Amino acid sequence: MTNAIDVSGLTKAYGDLRAVNGVSFSVPEGQVFAILGPNGAGKSTTVEILEGHRERDSGEVSVLGLDPATGGRAFRDRIGIVLQEAGVDKELTVRETLDLYSTAYTHRRSIAEVIELVELDEKLDTRISRLSGGQQRRVDLALGLIGTPELIFLDEPTTGFDPAARRRSWELIQGLAAGGTTVVLTTHYLEEAEHLADNIIVMAGGKVVAEGTPESLRQNASTESVIRFGLPQVDARVEELFEPLHGKAQGRDRRIEITTTKPTADLAHITGWAVARGIELDGLIVESLTLEDVYLRLVGEDA
């Protein structure tokens with residue numbers, strides 16, 4: 001499989017601050033690749049170097065077979081960028097904005113196609129200033145798609161979306177990848193990364209502290225599982241439920257969460273205790289750590 005991006009030993013410093021410190025990774029073509037990390041981890045600087053907007057101090061970078069620092073217009077014609085804020089003229093209509101930005105690309109999509117993709121059909125002749133925050137975010141996404149990019153950078157693409165709109169945007173992103181477009185995603189929504197990404201790197205302190213698929217990150221980070229349930233009002237001594245557990249229990253408002261390396265033994269004790277007392281545990285589930293759990297452990301105090 002050909003790589004859309006290859007990065008080796010990338011560094012970037014601002015004075016005494018080493019914002020990016022020896023970062024290396026590869027992104028195969030047609031993948032959704034997520035870069036995660038707390039503010040100040042170096043992910044924005046890394047992405048700006050990949051986009052050709054910032055010069056690196058050292059290291060090798062290849063994006064679509066080109067050095068983004070010297071790729072020029074030929075390089076920019078092949079990528080799409082969705083910034084956190086696009087900074088478009090808000091007195092223009094949606095149609096005027098897309099028409100203006102489309103002139104920068106050789107292989108541009110039709111405005112009708114892009115508008116349908118981002119679900120703004122009824123707002124085509126509305127001024128940007130009169131759109132809601134979520135609708136303006138869809139315009140940003142449309143601008144990233146208008147040039148039919150081979151590779152698109154998405155920076156917090158679903159900020160301001162309601163849950164239904166976010167899910168539909170996920171389907172759009174998955175459709176782009178299925179059609180061969182490579183997607184580089186930065187997001188603070190861990191559920192979004194877990195749902196979309198084929199591969200992930202986690203950055204902290206300017207370095208890559210973990211990489212892999214969402215599943216492999218969960219498996220490699222810990223052998224722990226989590227048991228969750230709601231405990232109804234009972235007359236029984238609740239201490240008898242918690243004292244023999246192997247795992248660590250915590251709770252709030254009678255919702256109990258037990259993190260354990262021995263889920264089978266702890267689950268057997270919990271259910272046995274409840275059955276013996278005729279108690280029904282509300283919403284009893286056993287699951288592995290979520291990507292958010294793993295992420296918080298990886299970045300530690302940087303979070």
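## Salt bridges

A search of the whole structure, which is a predicted model, finds 17 salt bridges. One of the side-chain pairs joined in this way is arginine 138 with glutamate 119, where the nitrogen-to-oxygen distance is 3.9 Å. Arginine 138 belongs to helix α5, whereas glutamate 119 sits in the loop between α4 (111-118) and α5, so this salt bridge ties together parts that are 19 residues apart in sequence.

## Helices α5 and α6

Two packed helices are described by the angle between their axes and the distance between the axes. For helix α5 (residues 133-145) and helix α6 (residues 163-178), the axes come within 13 Å and cross at roughly 5 degrees. Because angles under 35 degrees count as roughly parallel, α5 is roughly parallel to α6.

On the α5 side the contact is made by Arg138, Leu141 and Leu145, and on the α6 side by Ala165, Arg168, Leu172 and Leu176. Sorted by class, this contact of α5 with α6 has five nonpolar and two charged residues, with no polar residues. Arg138 therefore appears both in the contact with α6 and, as arginine 138 of helix α5, in the salt bridge that reaches back to the loop between α4 and α5.

## The largest pocket

The largest pocket holds about 430 Å³ of space, and its lining is made up of 17 residues, with His53, Ile81, Tyr101, Tyr105 and Leu143 lying nearest its centre. Helix α5 takes part here as well, since α2 (72-76), β5 (79-82) and α5 each supply at least two residues of the lining. The largest share comes from β5, which gives four residues. By class, the lining of the largest pocket comprises 10 nonpolar, three polar and four charged residues.

## The second largest pocket

In the second largest pocket there is about 370 Å³ of space. This pocket is lined by 28 residues, and those closest to its centre are Lys43, Ser44, Thr45, Glu48 and Asp155. Two or more lining residues are given by each of β2 (17-28), α1 (43-51), β5, β6 (151-155) and β7 (182-186), and the largest share, six residues, is that of α1.

The lining of the second largest pocket divides into 11 nonpolar, 11 polar and six charged residues. Strand β5 is named for both pockets: β5 supplies the largest share of the lining of the largest pocket, and β5 is also among the elements that give two or more residues to the lining of the second largest pocket.

Methods
Residues are numbered from 1 along each chain as its sequence is written. This is a predicted model: local features need pLDDT of at least 70, side-chain atom pairs count only at pLDDT 80 or more; totals for chains, interfaces and linings use all residues. Side-chain values use heavy atoms; hydrogens and water are left out. Axes are lines fitted to C-alpha atoms, for helices over the stretch in contact, and angles run from 0 to 180 degrees between N-to-C directions. Angles under 35 degrees count as roughly parallel, over 145 as roughly antiparallel, 65 to 115 as roughly perpendicular and the rest as oblique. Contact means heavy atoms within 4.5 Å. Ala, Val, Leu, Ile, Met, Phe, Trp, Tyr, Cys and Pro count as nonpolar, Asp, Glu, Lys and Arg as charged, and the others, Gly among them, as polar. On a 1 Å grid over the protein atoms alone, a cavity is a set of points where a 1.4 Å probe fits but cannot get out, and a pocket is an open set with protein on both sides within 12 Å along at least five of seven lines; lining residues have an atom within 4 Å of a point. Grid points are joined across faces, edges and corners, and a volume is the space filled by probe spheres set on the points. A salt bridge is a side-chain nitrogen of Lys or Arg within 4 Å of a carboxyl oxygen of Asp or Glu.
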